[in-house]
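I set down here, in order, what I looked up in this structure. The entries go from the fold of each chain to the interface and then to the charged pairs.

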Amino acid sequence: MSGAADPRQELLTLVPKLRAFAMSLCGKPDRADDLVQETLMKAWAKMSSFQPGTSMIAWLYTILRNEFYTEYRRHRREVPDADGVFAARLTTRATQDGQLEFQDFRAALFSLPADQREALVLIGASGLSYEEAARICGCPVGTVKSRVNRGRAKLAELLTPSAPDEKETAQPAWRAAAAAG
Amino acid sequence: MKELRATLQHGRDLSGGNPGGDTMGERKVPRLDRKKKTMLTSVSTSPADTSPAPQGKGRGKRGLERPLQAHIGRQLQAVYNQVLEEKVPDRFIQLLRELEAKQDDKS
């Protein structure tokens, strides 16, 4: 079948999407690219299990995600310092307005549990449907929805600015939220 | 004033977890004239208001919800797009070339 070689040609064009997803999962540029490399090699090796006509990016995200969680379970303690790396990477970059806001958002995003962050990125950024995201994550659609909602609610809470004159009342709420999370 | 506050507190409790809360609150305090209603807003947003934190949070959320969620959507997109728009590193072009070369060797 001549179609068998074609899916592989598609891999290169999907690398940017893989990198964007990998980065939003692990937060470290180097590790993200290692994840992408693993994913490409696995995908290449088992290309025969890809069903033509289905979404290749969804298939690749599934592989990448499995890679991530396998490693995540192995090196759980390495994960939390992702924020610092991100911040460092950012300051050497863009100098647009809103950069601080962007940095705050990033820090908030990476303080979320991985499953919520992943759901937010799949739905809110990569443009997949809830059904596709559910298939990628191997969970019911309702679970994806609740992860998105919890993630959004938590981000909203973290990003809600507290006016200076509200410090007295805002602080306990902030601490309570941190303790609860 | 004490009594008014109690009533206001009650009205706010109702509006806290309910999208239609405002109308319900108004029905509960029908005798508030316009001036007192203005006070209601100022009392409820005043930092001197010693209402417990969860209520304050709920109230803030109602007002901020839409623009904040839109902001979150934009930022999420920005985080993803920042990497998406980067040039593909050579290592991946190299990797795919190698995989292809191996493939050709095999066949």
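**Entry 1: Fold of chain A**

From the N terminus on, I read the elements of chain A as α-α-α-α-α-α-α-α-α. The tally for the chain is accordingly nine helices and zero strands. I note at the outset that this is a predicted model.

I then looked up burial in chain A: of its 181 residues, 45% are buried. I also checked how far apart in sequence its contacting residues lie. Taking contacts in chain A between residues at least 6 apart in sequence, I find that 63% join residues at least 24 apart.

**Entry 2: Confidence in chain A**

The average pLDDT of chain A is 81, and 73% of the residues score at least 70. Two stretches required a separate note. Residues 80–95 of chain A have a pLDDT below 50, and this stretch has 25 contacts in the model beyond near neighbours in sequence. Residues 165–177 of chain A also have a pLDDT below 50, with 12 contacts in the model on the same basis. Where pLDDT is low, predicted coordinates should not be read in detail. I therefore keep the contacts of both stretches as entries of the model and do not interpret them in detail.

**Entry 3: Fold of chain B**

For chain B I recorded five helices and zero strands. Their order from the N terminus on is α-α-α-α-α. Chain B has 107 residues, of which buried residues make up 29%. Among contacts in chain B between residues at least 6 apart in sequence, 59% join residues at least 24 apart.

**Entry 4: The interface of chain A and chain B**

How many residues of each chain are in contact with the other? I find 42 residues of chain A in contact with 32 residues of chain B. The area buried between the two chains is about 3,600 Å², and carbon and sulfur atoms give 67% of that area. In chain A, the residues that lose the most area to chain B are Arg19(A), Trp44(A) and Arg152(A), together 17% of what that side buries.

For specific pairs across the interface, I counted two salt bridges between chain A and chain B. The rule for polar contacts finds eight residue pairs there, both residues of each at pLDDT 80 or more.

Next I looked up which elements of chain A supply the side that touches chain B. Those giving at least two residues each are α1 (6–26), α2 (29–45), α4 (82–91), α5 (99–109), α6 (114–124), α8 (141–159) and α9 (167–180). Helix α1(A) gives the most, with 11 residues. By residue class, this side of chain A divides into 23 nonpolar, six polar and 13 charged.

**Entry 5: Arg19(A)**

I followed Arg19(A) further, since it is listed among the residues of chain A that lose the most area to chain B. It lies in helix α1 of chain A. Is Arg19(A) buried or exposed? Its relative accessible area is 7%, which is under the 20% cut-off, so Arg19(A) counts as buried.

Not counting residues up to four places away in sequence, Arg19(A) touches Asp33(A) and Val36(A) in chain A, and Val83(B), Glu86(B), Lys87(B), Pro89(B) and Phe92(B) in chain B. Side chains of opposite charge can pair when their charged atoms come close. I therefore looked for such pairs in the list of salt bridges.

The side chain of Arg19(A) meets that of Asp33(A) in a salt bridge at 2.8 Å, N to O. Because Arg19(A) lies in helix α1 and Asp33(A) in helix α2, this pair ties together parts of chain A that are 14 residues apart in sequence. Both Arg19(A) and Asp33(A) are buried. Across the interface, Arg19(A) also forms a salt bridge with Glu86(B), at 3.1 Å, N to O. I record Arg19(A), Asp33(A) and Glu86(B) as linked in a network of salt bridges.

**Entry 6: Other salt bridges**

Over all chains the structure holds nine salt bridges. Among them, Glu118(A) and Arg65(A) meet through their side chains at 2.8 Å, N to O. Glu118(A) is in helix α6 and Arg65(A) in helix α3 (residues 56–74), so that the pair links distant parts of chain A, 53 residues apart. Both Glu118(A) and Arg65(A) are buried.

Lys154(A) and Glu157(A) form a further salt bridge, at 4.0 Å, N to O. Both lie in helix α8 of chain A, three residues apart, about one turn of the helix. Lys154(A) counts as partly exposed at 22% relative accessibility, and Glu157(A) likewise at 25%.

How values were computed:
Residues are numbered from 1 along each chain as its sequence is written. Chains are lettered from A and ligands numbered from 1 in the order in which they are written. Side-chain values use heavy atoms; hydrogens and water are left out. Contact means heavy atoms within 4.5 Å. Buried area is the accessible area (1.4 Å probe) that two parts lose on being put together, summed over both. A polar contact is a pair of N or O atoms within 3.5 Å; within protein, one must be able to donate a hydrogen and the other to accept it, and residues adjacent in sequence count only if both atoms are side-chain atoms. Helices (H or I, at least four residues) and strands (E, at least two) are DSSP runs, numbered from the N terminus. Ala, Val, Leu, Ile, Met, Phe, Trp, Tyr, Cys and Pro count as nonpolar, Asp, Glu, Lys and Arg as charged, and the others, Gly among them, as polar. pLDDT is the predictor's confidence in each residue, from 0 to 100. Buried means under 20% relative accessible area, exposed over 50%, partly exposed in between (1.4 Å probe, protein chains only).
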